[in-house]
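Student: I'd like a close look at one part of this model, with the reasoning spelled out. Could you walk me through it once the structure is up?

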Amino acid sequence: MFISDKFFTRSSVRQTFALAIAIFITLGALLPIKAVAQWSANPGDTVRNAFGPAKGLNVPACRGACGADCPSTCEESVQFECAGGDKLLRVQSYNCGTHQGCREHDDCLDSCSQEQAEGYDCATECHAEAVGNWGLDKAGFWAAGGGPYEGDPIRFQYTMEAPGGAEATYRCPDGASRQCSGGVGSCLAGNTLVEPQFESFIGGGPQTVKVSGFRSGIACMANGHPTSICQDSVDINVTGKDRCAQADGAQPCTWYGFELHYDNANPGEPLYCQSSAAKEDFLGGVVASAIEAAPGGVEGDLGKLLGQFQQGLNDGKSLDQIFSGITVTTADGKTLSEPEPTEVFQTAGVPNEIILNGTSGHILVPIFELKDASAPGTSVEHQIICRQAGRPVLETTFSLHFAGS
């Protein structure tokens with residue numbers, strides 16, 4: 001799923017769609033329950049690169065966790081392992097709560113996708129079964145990644161996005177050396193630990209875009225415009241020494257970004273980028289907020305509703321596209337809808353699309369952040385991944401540190 005610069009937060013979903021579920025969706029008949037094979041991990045397991053069967057472009061992960069895919073309620077951590085040469089391999093871990101009902105639900109989805117013809121609505125069937133087996137309250141909060149849980153959490157470790165996919169390798173930034181202890185890798189500059197820098201994706205098949213010379217950090221400026229990356233770092237001090245044009249006049253900002261050389265690209269297909277700011281467990285949030293809004297029970301076929309949202313995600317739609325044109329009328333006659341955005345000036349943050357002009361080339365992706373975007377003395381971390389045709393091309397992390405007044 002690629003998400004645009006305008007994000008729907010969980011709070012806005014709660015405000016807009018809780019009433020919609022309670023008022024407008026009529027309870028449907030529950031579908032029959034069937035026995036299915038187990039794809040899910042068990043409580044206390046540690047599993048690596050464990051996926052469910054692919055559903056179109058979507059390959060589900062964290063099978064057995066309560067919540068969609070790897071929900072935001074899992075405890076996330078990143079560790080680097082020493083690989084060949086001077087490389088570091090990035091390992092993303094999720095510690096997720098689990099319950100028999102969550103495992104049954106994931107097994108239902110995964111088995112159904114294998115057994116049924118293309119286009120069959122597995123999501124509606126399995127959501128409805130979960131409600132029928134365990135009740136609306138439990139199923140709703142499980143959909144949001146919440147409890148009740150049982151047993152020890154499951155630990156999922158991933159170095160790739162799909163079976164046989166590419167793996168992200170990292171390096172130590174300029175002036176830092178790689179340290180290895182028990183296979184765990186880190187970067188040391190003097191006596192200070194520093195964050196590794198993305199290098200490239202390896203593997204993933206012949207259609208994977210190849211990246212070299214990747215650098216990220218503060219941008220070098222000439223005549224007020226970024227020209228290259230001149231500081232090799234993931235830490236960005238937002239000092240406001242630059243000026244960026246905005247609707248209310250030029251504002252203090254800081255330019256940073258990344259640059260790279262690419263090969264084996266499809267010039268007719270842009271890179272689609274997503275940042276961690278877009279990560280919202282919105283689908284489960286809709287269900288949980290509906291239950292909170294109507295504790296006596298929500299009158300609605302939640303299985304059908306969730307199935308429609310899930311199908312939109314599987315089709316690669318963004319949140320904007322899924323919710324586009326939806327207007328909700330509340331019980332008191334008020335109309336709630338999302339206004340169309342109007343943008344005149346460049347938006348801060350990561351661009352959604354990066355155009356590639358050939359099969360090979362060099363690109364600079366400048367990014368700016370306004371000094372007053374966050375309170376002085378605070379830090380914000382953004383994880384960015386860019387893909388072409390669904391395959392990962394680059395990823396990087398920026399830790400933005402906002403200077404005092």
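Student: Let's take Cys112: is it buried or exposed, and what is its relative accessible area? Please carry on from there to whatever surrounds it.

Tutor: Keep in mind that we're looking at a predicted model. Cys112 is buried, because its relative accessible area is 0%, and the cut-off for buried is under 20%. Its partner is Cys122: the two form a disulfide, with sulfur atoms 2.1 Å apart. The torsion about that S-S bond is -80°, and the link is left-handed. Cys112 sits in helix α2 and Cys122 in helix α3, so the bond ties together parts that are 10 residues apart in sequence. Cys122 counts as buried too, since its relative accessibility is 10%.

Now zoom out to the two helices. When two helices pack, people describe the arrangement by the angle between the axes and the distance between them. Here, α2 covers residues 100–115 and α3 covers residues 122–134; they pack at about 155°, with axes 9 Å apart. That angle makes α2 roughly antiparallel to α3, because anything over 145 degrees counts as such. The crossing of α2 past α3 is right-handed.

Who does the touching? From α2 you get Gln100, Gly101, Glu104, His105, Cys108, Leu109, Cys112 and Ser113, and they meet a set in α3 made up of Cys122, Ala123, Glu125, Cys126, His127, Glu129, Ala130, Asn133 and Trp134. Sorted by class, that contact between α2 and α3 has 8 nonpolar, 6 polar and 3 charged residues. Notice that both disulfide partners, Cys112 and Cys122, turn up in the list.

It helps to set this bond beside others, as the structure holds 10 disulfides. Take Cys172 and Cys187, whose sulfur atoms are 2.2 Å apart. Their S-S torsion is about -90°, so this disulfide is left-handed. The pair links distant parts of the chain, 15 residues apart: Cys172 is in the loop between β5 (167–171) and β6 (177–181), while Cys187 is in strand β7, residues 184–189. As for burial, Cys172 counts as buried because its relative accessibility is 13%, and Cys187 is buried with a relative accessible area of 1%.

Then there's the disulfide of Cys62 and Cys70, with the sulfur atoms 2.0 Å apart. Its torsion is about 95°, so you'd call it right-handed. Cys62 is at 0% relative accessibility and therefore counts as buried; Cys70, with a relative accessible area of 13%, is buried as well.

For a buried residue of another kind, try Ile385 in strand β20, residues 379–388. Ile385 is buried because its relative accessible area is 14%. Setting aside neighbours within four places in sequence, Ile385 is in contact with Glu161, Tyr272, Cys273, Gln274, Pro392, Leu394 and Glu395. As for Leu271, it is 114 residues from Ile385 in sequence, yet their C-alpha atoms are 9.6 Å apart in space.

So, back to where you started: Cys112 is a buried residue at 0% relative accessible area, bonded to Cys122, and it belongs to the α2 residues that meet α3.

Notes:
Residues are numbered from 1 along each chain as its sequence is written. This is a predicted model: local features need pLDDT of at least 70, side-chain atom pairs count only at pLDDT 80 or more; totals for chains, interfaces and linings use all residues. Side-chain values use heavy atoms; hydrogens and water are left out. Axes are lines fitted to C-alpha atoms, for helices over the stretch in contact, and angles run from 0 to 180 degrees between N-to-C directions. Helices (H or I, at least four residues) and strands (E, at least two) are DSSP runs, numbered from the N terminus. Angles under 35 degrees count as roughly parallel, over 145 as roughly antiparallel, 65 to 115 as roughly perpendicular and the rest as oblique. A crossing is left-handed if the near helix is turned anticlockwise from the far one by less than a right angle, and right-handed if clockwise. Contact means heavy atoms within 4.5 Å. Ala, Val, Leu, Ile, Met, Phe, Trp, Tyr, Cys and Pro count as nonpolar, Asp, Glu, Lys and Arg as charged, and the others, Gly among them, as polar. A disulfide is a pair of cysteine sulfur atoms within 2.5 Å. Buried means under 20% relative accessible area, exposed over 50%, partly exposed in between (1.4 Å probe, protein chains only).
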